[in-house]
Amino acid sequence: MENLKRQPPPPALTERHSGIPSRLYGIAQEAKNRLYSNKTVPESVPRRADVRLPPDTTRDEFDIAIAALKRDIGDDNVVLNNQPLVDGWYLEHPNTHDAFHVVDQEDLVCSAVAYPGSTGEVQVVVRWANKYAIPIYPISMGRNVGYGGTAPRVPGSIVVDLGKRMNKILNIDAENASCVVEPGVSYFALYEEVQRRKLPLWIDTPDLGGGSVLGNAIDRGVGYTPMGDHFACHCGMEIVLPNGEILRTGMGAMPGKNGADNPTWQSFQPAYGPYSDGIFSQSNFGIVCQMGFWLMHETGHQSYMITFPSEEDFPDIVEAIRPLAQKRILGNIPQLRHVVQELNVTGLPKSHWYAGSSPIPRDIIQKHAAQLPCGDCSWVFYGTQYGDETSIETQLDIIRSAFANIPGSRFFLPSDLPDDHYIHSRALVCSGVPILRELDWLNWKPNAAHLFFSPITPTRGADAKIVHDINIRLHKKYGFDLFPTLCVAGREMHYITNIIYDRSSNDEKRRVAGLMRELIAETAREGYGEYRTHVLFADQVAGTYNWNNNALMRFNETIKDALDPNGILAPGRNGIWPKNYRGKGWELLGDRVEKAIGGGTISPKL
Ligand code: ADP
């Protein structure tokens, strides 16, 4: 790293809620230096236009509304988005637009950012939005990388950045092994606090530790310990509804004694009556201001890696995984990765491995993999087992013998691999230690950004192969490297591909948008749907869940219209449009995203 230009240091967690803990200063600094060394475009360019106004709002009306909001929550807590847009990087991410822009950087932007400091101030913002008919778009930390960052779906919305002033860990209950957090608490912050209190508890973290614990869970993100399903491990929410009212879900709906919080709020999820929490995940039905989570008891753990020689082993590997996953012998949410990612996770650019601009050919991957610790193989499985030493040994025996049926498979422990091998990072993430290693993906290309394509398949070889084959064919057609990672839960796998493109190239952006469009459509024809997607593809993905004449969307719209009659809260998020937007051409279907790149717009032509 010595040849790289040193960048200004990333913010520390002690100075900013979105900052980095001191144990990772050096790693973060190196990651930043490396990333910026691959950047060929300027940090920002002059804005082409002034503030992007909300729909159907004149500048005068907007100014009056903003002045009122400043009076309501304080001058400093409302900031116009009229300065040059800076993409920054993971630890210094913008809250004004999507740093990984697919359409033009200035197209998917907010008009201003509001920073409420309490649930009460969130209510104030919501009431203000209803009064002035201006759409608002809540974010917690706003990282959401690969899914749209902080960009509101409707350009000109007000981003409500909850994390900046609402970032307290409200409670850690060591006896109940649970916590309650506000939106601005990152995995880094929660982990550091558990360590500071010397509690024998684990948190669960995604691959990158800078996201919001609350934001990730309501967007149904995953981590990798046995408690990796974040939404399934939440317990209780406090929500501001689009009409400004506050709702507590679960046992929080019952008052505690003498005005205290209910003592079972973080112990029992559903309480009495319909279990309503689910409708506040991946939706635009409320702003979540507090959320409870279960924590895991610290335990012994052992990570391992298994390699498989042949591309064609793929369905057999999945078949071997299924009984292990369903019987819960696999300890966590393990990952099956294509070997190309052994090259990628080194943090070296594609040009280090291959001089061409086409997708890296199979024989080149093979040649380089042969020189790496994984050896010449095609698939790599990363797992972790938990418990005491004896039970881990028993589990590993069962796993080894299950995979031994695949000829040529090889089993590695971290002690078999060099100190800088990726397995050591996985061992940390799989024991709840938030890190940054996965940032190295972005060194693959200059000015790299990425989109996730994330369909769900049954844990069955034949199904996984259909999705994989579609990916192979379409990545080739659109000229992108294919990086599949399968995150395995019991009966299903999240098949996640990370599509890396150069932000400075409209050609690459058009191709990546075309690739996404075709991937969504083709996998849906086979019956496979995405669990999460970038805001620009929400309409298309939502449209694939159309059984019985779109019964699900009609149900969602009924709830939306009842809760948010003025349609102010995150219109279009997850493809759910309030009635005042429907039928006006807001939906991004067909090739509209591609057409918007390089001078078009995602707003309807009125
Ligand atoms: P992270 O930083 O953890 O990646 P974000 O804060 O970007 O997560 O949240 C992901 C998405 O979830 C946001 O774009 C937003 O649409 C939604 N979201 C986040 N926080 C809230 C919240 N507190 N209430 C309602 N929706 C939210």
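This is a short dialogue on reading a predicted model with a bound ligand.

Student: Where do I start with the ligand? Which residues are closest to it?

Tutor: Start with the shell, meaning the residues around the ligand. Here 19 residues surround the ligand, and the closest are Ser-140, Arg-143, Asn-144, Ser-212 and Val-288.

Student: How many of the shell residues are nonpolar, polar or charged?

Tutor: Sorting by class gives a quick picture of the surroundings. In this model the shell has nine nonpolar residues, eight polar ones and two charged ones.

Student: What polar atoms of the protein lie by the ligand's oxygen and nitrogen atoms?

Tutor: Look for N or O atoms within 3.5 Å of each other, and check whether they belong to a side chain or to the backbone. For Tyr-137 the side chain supplies the N or O atom, 3.3 Å from an oxygen atom of the ligand. With Asn-144, a polar backbone atom is 2.5 Å from a ligand oxygen atom. Val-288 also uses its backbone: one of its N or O atoms lies 2.8 Å from a nitrogen atom of the ligand.

Student: How much of the ligand's accessible area does the protein cover?

Tutor: Take the area the ligand has on its own, then see what share the protein covers. On its own the ligand has 550 Å² of accessible area, and the protein covers 96% of that.

Student: Which elements give two or more residues to the shell?

Tutor: They are strand β3 (136-139), helix α5 (213-218) and strand β10 (287-294). You can also ask about domains: domain 2 (41-161) and domain 3 (169-297) each give at least three residues to the shell.

Student: What does the UniProt annotation say about residues 106-327?

Tutor: An annotation comes from a record, and this UniProt entry is unreviewed; it labels that span "domain: FAD-binding PCMH-type". In the model, the end C-alpha atoms of residues 106-327 are 49 Å apart, and the span is 19% helix and 23% strand.

Student: Now single residues. Is Arg-503 buried or exposed?

Tutor: Compare the relative accessibility with the cut-off: under 20% is buried. Arg-503 counts as buried because its value is 15%. You will find Arg-503 in the loop between β19 (492-502) and α13 (506-525). Its side chain makes a polar contact of 3.3 Å with the side chain of Asp-87.

Student: And why does His-352 count as partly exposed?

Tutor: Partly exposed lies between the 20% and 50% cut-offs. His-352 gets that label because its relative accessibility is 46%. This residue lies in helix α8 (residues 350-353).

Key. Residues are numbered from 1 along each chain as its sequence is written. This is a predicted model: local features need pLDDT of at least 70, side-chain atom pairs count only at pLDDT 80 or more; totals for chains, interfaces and linings use all residues. Side-chain values use heavy atoms; hydrogens and water are left out. A residue is near a molecule or strand if one of its heavy atoms lies within 4 Å of it. A polar contact is a pair of N or O atoms within 3.5 Å; within protein, one must be able to donate a hydrogen and the other to accept it, and residues adjacent in sequence count only if both atoms are side-chain atoms. Accessible areas come from the Shrake-Rupley method with a 1.4 Å probe; for residues, only the protein chains shown count as cover. Helices (H or I, at least four residues) and strands (E, at least two) are DSSP runs, numbered from the N terminus. Ala, Val, Leu, Ile, Met, Phe, Trp, Tyr, Cys and Pro count as nonpolar, Asp, Glu, Lys and Arg as charged, and the others, Gly among them, as polar. Domain bounds come from an automatic or database domain assignment. UniProt positions are given in the numbering used here, feature names are shortened, and annotations may be inferred rather than shown by experiment. Buried means under 20% relative accessible area, exposed over 50%, partly exposed in between (1.4 Å probe, protein chains only).
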